[in-house]
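This report walks through one protein model and the ligand that accompanies it. Please keep the sequence and the structure in view while reading.

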Amino acid sequence: MTPPQSRIPYLPARIEGLAAIAMNLFWSWSTEARGLFASIDPLLWHRTRHNPFELLRAVDPARMAACASDGEFLRRYDEVMALLHEVQSARGTWYEHHYGAVEAPQIAYFCAEFGLHNSVPIYSGGLGVLAGDHCKSASDLGVPLVAVGPFYQKGYNDQRVNPSGWQEDSDQEFDVNSTPLVRVESASGEPWLAVVDTGGRPVHVQAWRMMVGRVPLYLLDTNLEANHPDDRTLMNKLYAGGPELRLRQEWILGVGGVRVLRALGIAPAAWHANEGHAAFMMIERVREHVAAGLSFGDAIHAVRETSIFTTHTPVPAGHDFFSFEELEAVSGPVWQAMGVSRDELFGLGLHPGQPELFHMTIAAIRLSARVNGVSRRHGQVSRSLWRELWPNRPWEAVPIGHVTNGVHLPTWMAPQVMALLDEHLGRGWQQRLDDPALWDQMLSLDHEALWRAHLSLKQVLGAAIREDARGRFARQHTEAAQVVGAGTLLDPTAFTIGFARRFATYKRANLVFRDLERLRRLLTDSRRPVQLVFAGKAHPADTPGKEVLQSVYRFTRDPSFEGRVAFLEDYDMHLAHLMVQGVDLWLNLPRVPLEASGTSGMKAALSGVPQLSTLDGWWQEGYDGTNGWAIPPAGEADDADAVDAERCYRLLEDQIVPLYYTRDARGVPVGWVERMRHAIRLGGGRFTARRMVQTYVREYYAPATAGDGAPDDPPTA
Ligand SMILES: *Cc1c(COP(=O)(O)O)cnc(C)c1O
């Protein structure tokens, strides 16, 4: 590992602060900072997929020297440096205004993955991107948050699709020196910060820090010489290996995470577990309280008061659980230090009426006085799902609330749309994000200007698709049909529908292929052609998901669809940006009620891309008849898939495609742009991570840190 300053070999003194900008991920959501890096060498910026380290290492030194004496560049540089200092000082923030100034972190936020930028591939999908957006918004708002997660040195999985349509997975190699990660030194001089017993051996844990604006994110890893060779690779990959490895990763995350924060002298007043993977963080705190003299019961009470748990999964099978034997093999006899039996401790994760299984979600519910789902609908689903924990209550009275997810506006709104808002609202509009009247003003955006901004984004997507296909043709594709399947024949003017997300079967990427004749008529209509662009990875162990991917992939190569179906490989945050901003319609077809929230449709809305979705997750509260289209619930239908497919075709045929192709004399589809305006109003006004984090602060963090006893309603079963 090279020290941070030598990640970037040489910078002229006048602009050496570029290294400091690169070392704080704040650059990734600052229009000014991104523009500054891009202006150094636009082509190189593009080629590095927006990685400032790779840019600054590869750029011609003569070009850097020229920047250092270019008045306009220096003016922009000074502006970004001032912004960085403002972020770091965190004065005058929303949080300070409402809750007073604080110096030290108050809230610890644990998650098994963080999606912050594609250059740091420690995420697999929606959960990680949500956690990343949470940290960025906490930084914007000045919330004193510290985040903790695992450091996956081999990332998640790179995706290749072979000629027969089968997904092949490989490690995501990434170079720490091309990220803002810094290894944290311990006060004792040892290379590790904490030691956790697991699998009968002590495992040493080190940490890496990444600054996300003003929020520090600590990533844990066990790749140390002091560890047994088998333990050094424990944290290598995200969601890799079987349940045992996963359990060990979660044990390190929870127990190691608390101990690392202690070693760093950080004393959070509230602890937030984002999804059940982090539940062991609560067990470790029970142990701490008992060690400090509390009884087991009082320790549980103390942990409950200060814990917040967010559940994301609407089906029981989606929650991790382990047998008591498996857990004991990983944890060792931890109950002994807590003065209870194994069954008493592990019983915290027991599902009433089920044999000896430890459910991470149930343990987290028992150990948190504040529990929430991630959309209004998912709140209801969760109350019903966990009602057996409160057998004396009607399910509606189960104390689980909801905070609907949101997305980070400065990360996801297209720069072209931001520029349009600068013109329409004046440059200071980003200071008024909390004012609902601001979002009503979207309804008077100029039709033609919004349409032109959209067309330019559609062009960017088209160019990126062709460039990627060209690269794969040269490096990897073996058949011409694969080049067609990668989207090279897409028509830049045709109505383009985007569908991109994990290939989990409940998301039903293949639903539109139920009636091939009908779909073919829709796509190949010569006056009003339609095209479909897919992307997404299946979990490496999810064979049914891979089969769905394969079936979709085969249609990309079917000549009877005339090249109007494409599959883009290797979906990540970079491709997600291009897609949510550059297609005409976002398609979302989860089987109700299996989508807890969903967030990609919110990202699309921020750039004026309306969605067509089943009424699940966030769409159930977001859809209002003007901002997109909804497929109503299939009810008790025997074949819900058939009913949903029929409704999807009908909407496309009767309403959506005709509206898109109805143009005025200027060529502007005014009725369509009307939906676009409403989509931006919806996304910006109600579904941002800013609103989400403000809600967490008001309803959960502030009461928990103030020691306001939650109305303590512990499960009774
Ligand atoms: C937003 C995002 C997701 C989540 O999309 P959903 O609509 O919630 O399924 C997954 N992967 C990436 C890369 C994303 O950016």
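In this predicted model, a convenient place to begin is Ser-600, where an N or O atom of the side chain lies 2.4 Å from an oxygen atom of the ligand. Two lysines make comparable approaches: Lys-603 places a polar side-chain atom 2.6 Å from a ligand oxygen, and for Lys-507 the distance between an N or O atom of the side chain and an oxygen atom of the ligand is 2.7 Å. Taken alone, the ligand would expose 380 Å², and the protein buries 95% of that area. The three side-chain distances are collected here.

| Residue | Distance from a side-chain N or O atom to a ligand oxygen |
|---|---|
| Ser-600 | 2.4 Å |
| Lys-603 | 2.6 Å |
| Lys-507 | 2.7 Å |

The shell around the ligand consists of 14 residues, and Lys-507, Gly-598, Thr-599, Ser-600 and Lys-603 are the closest of them. By character, this shell divides into 5 nonpolar, 5 polar and 4 charged residues. Three helices, α8 (126-141), α24 (573-582) and α25 (600-606), each supply at least two residues of the shell.

How is the chain divided into domains? The domain assignment gives domain 1 (4-87), domain 2 (102-405 + 695-706) and domain 3 (409-687), so that domain 2 is written as two segments of the chain while domain 3 is written as one. Because domain 2 and domain 3 both give residues to the shell, the ligand lies between them.

These two domains also meet each other directly, with 36 residues of domain 2 in contact with 44 residues of domain 3, although their C-alpha centres lie 32 Å apart. Between them, domain 2 and domain 3 bury about 3300 Å², of which 51% is on carbon and sulfur atoms. On the side of domain 2, Gln-159, Trp-166 and Arg-377 lose the most area to domain 3, and together they account for 20% of what that side buries.

Two details of the backbone complete the picture. Val-592 and Pro-593 are joined by a cis peptide bond with an omega of about 5°, and Pro-593 belongs to the loop between β18 (585-588) and α25. Elsewhere, Arg-49 sits in the loop between α3 (42-47) and α4 (52-58), and although Arg-49 is not a glycine, its phi is positive, near 50°.

Notes
Residues numbered from 1 in each chain as written. Predicted model: local features only at pLDDT ≥ 70, side-chain atom pairs only at ≥ 80, totals over all residues. Heavy atoms only, no water. Near = heavy atom within 4 Å. Polar contact = N/O pair within 3.5 Å; in protein donor to acceptor, adjacent residues only side chain to side chain. Areas by Shrake-Rupley, 256 points an atom, 1.4 Å probe, with all protein chains shown as cover. Helix = DSSP H or I, 4+ residues; strand = E, 2+ residues; numbered from the N terminus. Nonpolar A, V, L, I, M, F, W, Y, C, P; charged D, E, K, R; others polar. Contact = heavy atoms within 4.5 Å. Buried area = accessible area lost by both parts, 1.4 Å probe.
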